[in-house]
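Open the model in your viewer and keep the sequence panel beside it. Each stop below says what to select and what is found there.

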Amino acid sequence: MENKELNYEGYMDDMIARARVAQAVARHYDQERVDELCEAVSFAAINDEFRKTAAQMLVDEAHMGRFEDKFAKIRSKAMGVYRDMKGEKSVGIIETNVEKNLVTYIKPMGVVGAILPVTNGEATPIVKSLWALKSRNAIIFSPGRAGKNTAMYVVNYIRKVLKRFDAPEDLVQCIEPDYVGREAAGFMMKKCDFIVATGGSGLVRSAYSSGTPTIGVGAGNATTYIDSTADLADAARKIRISQTFDYSTSCSSENNAVVDETVYDAFLDACRAEGAVVIHNGTPEKERLLKTLWPEWPENHKISRSVTARNISVFLKSAGIEAPENATFAIVEEEDGLGEGYPFTGEKLSPILTVVKAKNFEDGLDKIEKILEYSGSGHSCGIHTKDDKKIDIIAERMNVARVLVNQPQALGNAGAFFNGLPITMSLGCATWGGNSTCRNVTWRDITNTTTVSRPVEEIVPKEEELYSEKIRNTKF
């Protein structure tokens with residue numbers, strides 16, 4: 001069917017109308033009913049056959065990522081998000097302040113539009129459906145073209161769960177494959193009540209400019225510091241885990257490691273022990289790898305989709321670089337510079353780690369700042385160290401929403417069972433990354449609240465009680 005024959009606006013009007021009918025039912029659910037639906041969807045999502053089908057569908061359809069990791073990711077996200085929301089109150093009164101005589105009620109927003117990233121298109125619909133059900137909203141998904149069939153499969157599976165539990169199926173909808181694209185997504189963003197935008201920077205910008213309230217995420221370019229006190233074998237192992245998990249589809253995968261020069265060579269050796277292939281600075285191999293990743297460089301920074309999120313052997317073979325069969329990821333040395341003119345210091349969406357040598361901790365922080373200013377401001381950074389003072393310093397100085405200590409960032413930034421961050425698929429990057437939140441986005445971010453204020457005894461403070469003597473004696 002030709003695109004010009006499709007009535008995108010009418011199609012979206014129908015989806016929105018059905019979502020509003022369904023949400024009008026859900027908004028009257030009590031807490032027990034809400035929690036039952038969330039539990040059912042979460043448990044259904046960890047079914048092995050469902051996970052196998054969804055994971056393989058996205059690998060086959062998008063030609064990105066690794067089946068085994070997607071299979072595991074669906075389980076960890078479905079369980080983790082439900083664990084975090086289980087027992088949380090999302091209906092009625094959620095807070096009472098006796099002293100100020102305030103009572104706060106939680107409310108749904110209505111119809112939420114969700115932009116889906118193809119990189120995590122197998123798990124994101126599950127996570128955000130759980131958000132919508134917990135908050136008593138309806139949700140409409142707009143997938144990317146490369147993951148549209150997988151998204152439809154996952155959403156239809158969730159709809160079957162809702163039907164089995166006598167809930168309106170239209171609480172969860174997905175734009176059908178024939179209609180997937182910017183046209184339908186544009187109308188969805190204009191007509192829904194709120195947008196959760198996870199995806200490419202272009203779509204996120206479109207969401208923010210749609211006129212509809214939006215929560216979006218910024219670009220990733222996770223960078224970690226390898227301190228002189230670090231357990232190098234542990235750091236290398238965790239970076240290898242990040243690099244190879246789903247072939248670095250995550251925006252949290254370490255793209256750069258800034259390494260103290262006193263342990264630089266030892267760190268490279270530790271990475272080699274984890275299967276890393278080291279590409280040295282100034283070599284023809286590095287130049288060929290650059291042109292493989294960014295074939296139109298230096299005209300633009302567009303990453304080649306033909307090699308994105310693939311096994312490292314695909315990258316190296318495409319660049320004419322020989323590598324052993326047990327290669328797990330590649331390390332590229334960058335000694336020439338950082339930022340705009342040095343694309344290896346940006347996000348690569350591939351199992352390739354750029355390493356930069358630092359003279360000392362202060363020099364390392366300077367270099368991390370330059371990298372994040374180029375790409376990834378607000379998102380995250382990490383540090384491998386045994387020195388708590390350095391953790392405090394990096395946390396105070398870096399304009400990022402998260403600092404992970406001695407952890408694999410790809411698995412940890414979005415919350416994990418091994419840390420205390422909320423488990424999510426959407427990472428706020430604060431105003432540094434052009435976002436309205438710095439939190440790991442959860443179901444609470446798609447709720448409204450109403451606060452009832454009752455009278456209290458009027459107590460007007462005296463000046464000497466409210467202001468210090470120094471300020472009261474200052475002449476203005």
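Select F476, which counts as exposed because its relative accessibility is 85%. Here buried means under 20% relative accessible area, exposed means over 50%, and partly exposed lies in between, with a 1.4 Å probe and protein chains only. F476 sits in the segment after α17 (469–472). Helices (H or I, at least four residues) and strands (E, at least two) are DSSP runs, numbered from the N terminus.

Add L466, Y467 and I471 to the selection: with F476 they make a nonpolar surface patch of about 510 Å². A patch is made of residues with over 30% relative accessible area and no salt bridge, where like charges are joined within 9 Å and nonpolar side chains (Val, Leu, Ile, Met, Phe, Trp, Tyr) within 5 Å. The areas come from the Shrake-Rupley method with a 1.4 Å probe, and for residues only the protein chains shown count as cover.

A note on what you are viewing: this is a predicted model, in which local features need pLDDT of at least 70, side-chain atom pairs count only at pLDDT 80 or more, and totals for chains, interfaces and linings use all residues. Residues are numbered from 1 along each chain as its sequence is written, and side-chain values use heavy atoms, with hydrogens and water left out.

**The five-stranded sheet**

Next, show the strands β5, β4, β3, β6 and β7. In that order they form an open sheet with parallel pairing. At its edges are β5 (172–174) and β7 (214–216), each of which pairs on one side only. Neighbouring strands of this sheet are turned by 20° against each other on average, direction ignored. Two strands pair if DSSP finds at least two bridges between them.

Zoom in on β3 (residues 111–115) and β6 (residues 194–197), a parallel pair with four bridges. Which residue of β6 stands opposite A114? V196 does.

Now add two helices. Helix α1 (residues 8–26) lies across β3, β4 (138–142) and β5, at about 150° to β4. Helix α5 (residues 124–135) lies across β3, β4, β5 and β6, and runs at about 160° to β4. Axes are lines fitted to C-alpha atoms, for helices over the stretch in contact, and angles run from 0 to 180 degrees between N-to-C directions.

**The three-stranded sheet**

Move to β1, β2 and β15, which form an open sheet in that order with antiparallel pairing. The edge strands, each pairing on one side only, are β1 (92–97) and β15 (447–453). From one strand to the next the twist averages 25°. β1 and β2 (residues 102–108) run antiparallel and are joined by five bridges. Select T96 to find one bridge position: its partner in β2 is V103.

**Salt bridges**

Side chains of opposite charge can pair when their charged atoms come close. A salt bridge is a side-chain nitrogen of Lys or Arg within 4 Å of a carboxyl oxygen of Asp or Glu. The count by this rule is 29 salt bridges.

Select R18 and D170, whose side chains meet in a salt bridge at 3.0 Å, N to O. R18 is in helix α1 and D170 in the loop between α6 and β5, 152 residues apart, so this pair links distant parts of the chain. D170 counts as buried at 17% relative accessibility, while R18 is partly exposed at 30%.

Add D14 and R159: together with R18 and D170 they are linked in a network of salt bridges. R159 lies in helix α6 (residues 148–164). Is R159 buried or exposed? R159 counts as buried, because its relative accessibility is 17%. Leaving out residues up to four places away in sequence, R159 touches E169, D170, V172 and Q173, where contact means heavy atoms within 4.5 Å.

Go on to R237 and D234, a salt bridge with the closest N and O atoms 3.3 Å apart. These residues are separated by about one helical turn, because they are three residues apart in helix α9 (residues 232–244).

**Backbone details**

Select W297 and P298: the peptide bond between them is cis, with omega near 10°. P298 lies in the loop between α11 (284–293) and α12 (312–318).

The last stop is D246, in the loop between α9 and β9 (256–260). D246 is not a glycine, yet has a positive phi of about 50°. Its relative accessible area is 0%, so D246 is buried.
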